[in-house]
Structures are given as structure tokens and as C-alpha cells.
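I set out to record the disulfide count, the nonpolar cores and the packing of one helix. The entries follow in the order in which I looked things up.

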Amino acid sequence: MTPADLDIARQSTLLARLPAPLQAKLMEGAQVQSFDIGQTVFLQDDPAVALFIVLDGWVKLYRVAPSGAEAVVSVMTRGRSFGEAVALRDMPYPVSAEAITPARLVRIDATRLRNLLQSDPVLATSMLASTYVHLQQLVEQVEHLKARSGVQRVAEFLLDLSTCAEGGCSVTLPYNKALIAGRLGMKPESLSRAFARLRQHGVRIDAAQAHIDDLDALRDLAAEDPAKAWMR
């Protein structure tokens, strides 16, 4: 594991609240694993033998219904961790995880983590904080699905990708549009309509690039009263 890898891991939700000595203890024995596009990290209902921190790339977490339909639960990128809650409880994974781009992950053994938790209350508190952050993100995701129009959800998605503070900005769509639609709780055709409606707000989609004329205007749209935005 390189020093840059360690820096990313230390800034993750899982480790950021820990003092340096505990970070080092938790990272002992951790492994860096590489995954190709479409490669499975783990499957729904597999034993939760490890938790993961994303170093590079994107990983989708999804569930498959008895009907065979796939529901995207979350999409993880650099610095995000996943698998903590079930690893702590020695339960099966409730979702599957798959690399949707070439990805590198830190793998932390779940049994070793549970042994450390029993001997260190500070580490246990940090893990509780990490699982709370994930719960809060899921609550916010549900809120956005219920209380935001499709156009607003797409606007927020583009703003999250932006690395610019103000003015115009171009962002690269990190994965295909079908997965973006699934992540935002939309059908692909609804996503296409949302992209079309965003043109009047200065957003142009060119293949895998989104060109935003005015970030502040897009922020205003994302924060607008949903009753108005539903009419767009």
C-alpha cells in the first residue's frame, strides 16, 4: 500500500475520527485489491467477511429482487467505505457490490475488526459514527427521491460531480446513463427528458461530458421549491 493510498484511507468516514495510532492498528493486515469493470466484489447474502474503502474508481451497491429486477442502492467512489454495519454484526451482505469502472479497494478483515472492537472502546465509537453517516446518507437519498423532481435530482448529481466553485464547469459522467438513472431512482427515458429540460438552465450533455454554464443557477434550481420544479 502506497503512502497516497494510506492518505485516502485515513480520510475515509471509517478512519477519519480515529487517532493516528488506532488508524495504523486497523490498517495492519489490510490488503489492496484491484477489480476490472463488471467484476464482483461480493454478492448479496454472502457472509460479510470484510469491509472496504475505495481508493480509485467507482463501485455500485445493488439488490436483486425475486423478480430479477436490479435496484441500485448506492454508488461509491474514492474515500467512501462500505460493509461496516454487517461486518460488525457478522451478518450476510444485504447487497451486492460490483466495480463499474476499474477500481482499487482496501480490504479489511471483518473478524480482525471485531476482535479489535472488543478491546478498544474508542474504535467502537468511531465505527458507530461511521455507520450513522451511512444511515444519514440513505435518509437523504430517500428524501431526494421523494421530495425532488427528476430535473432537480439530476442537477444535484451534476453539482456533486463538479470540482469548480463558481461560474461555468465541465464534468465527466463517471458511469453510463442507465446506471445514473438507476442511482437517481429514474427510468432511462426519464433521465433523457431531464437532461433535455436542463438545457434551458445552461446544461449541455455531450456524450460523457456535461457542460454547465452557471453553477449558481444550477444550485438555485436544485434548491427550488419542488412544487415549482415538478412543472419543469
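Entry 1, cysteines. I looked up cysteine 164 and found it partly exposed, with a relative accessible area of 29%. Cysteine 169 counts as buried, at 7% relative accessibility. I note that the model is predicted. In it, cysteine 164 and cysteine 169 form a disulfide, with their sulfur atoms 2.2 Å apart. The torsion about their S-S bond is about 65 degrees, so I recorded the disulfide as right-handed. My count came to one disulfide.

Entry 2, the largest nonpolar core. I found 31 residues in this core; Val154, Phe157, Leu158, Tyr175, Leu198 and Leu218 have the most contacts inside it. Among the elements that give two or more residues to the core are strand 5 (70–76), helix 6 (150–161) and strand 9 (169–172). Helix 6 supplies the largest share, seven residues. Domain 1 (3–132) and domain 2 (150–224) both give residues to this core, so I placed it between them.

I then listed the contacts of leucine 218, leaving aside neighbours within four places in sequence: Ala155, Leu158, Leu159, Leu198, Val203 and Ile212.

Entry 3, the second core. I found a separate core of 20 residues, which includes Ile8, Leu18, Leu26 and Val106.

Entry 4, helix 1. Which residues of helix 1 (residues 3–10) are buried? I found Asp5, Ile8 and Ala9. Seen down the helix axis, the buried residues fall within an arc of 100 degrees, so they line one face of helix 1. They pack against helix 2 (20–27), strand 1 (31–35), strand 3 (50–56) and strand 8 (103–109).

Key:
Residues are numbered from 1 along each chain as its sequence is written. This is a predicted model: local features need pLDDT of at least 70, side-chain atom pairs count only at pLDDT 80 or more; totals for chains, interfaces and linings use all residues. Side-chain values use heavy atoms; hydrogens and water are left out. A nonpolar core is a set of buried Ala, Val, Leu, Ile, Met, Phe, Trp, Tyr and Cys residues joined through side-chain atoms within 4.5 Å. Buried means under 20% relative accessible area, exposed over 50%, partly exposed in between (1.4 Å probe, protein chains only). Domain bounds come from an automatic or database domain assignment. Contact means heavy atoms within 4.5 Å. The arc is that of the directions from the helix axis to the C-beta atoms. A disulfide is a pair of cysteine sulfur atoms within 2.5 Å.
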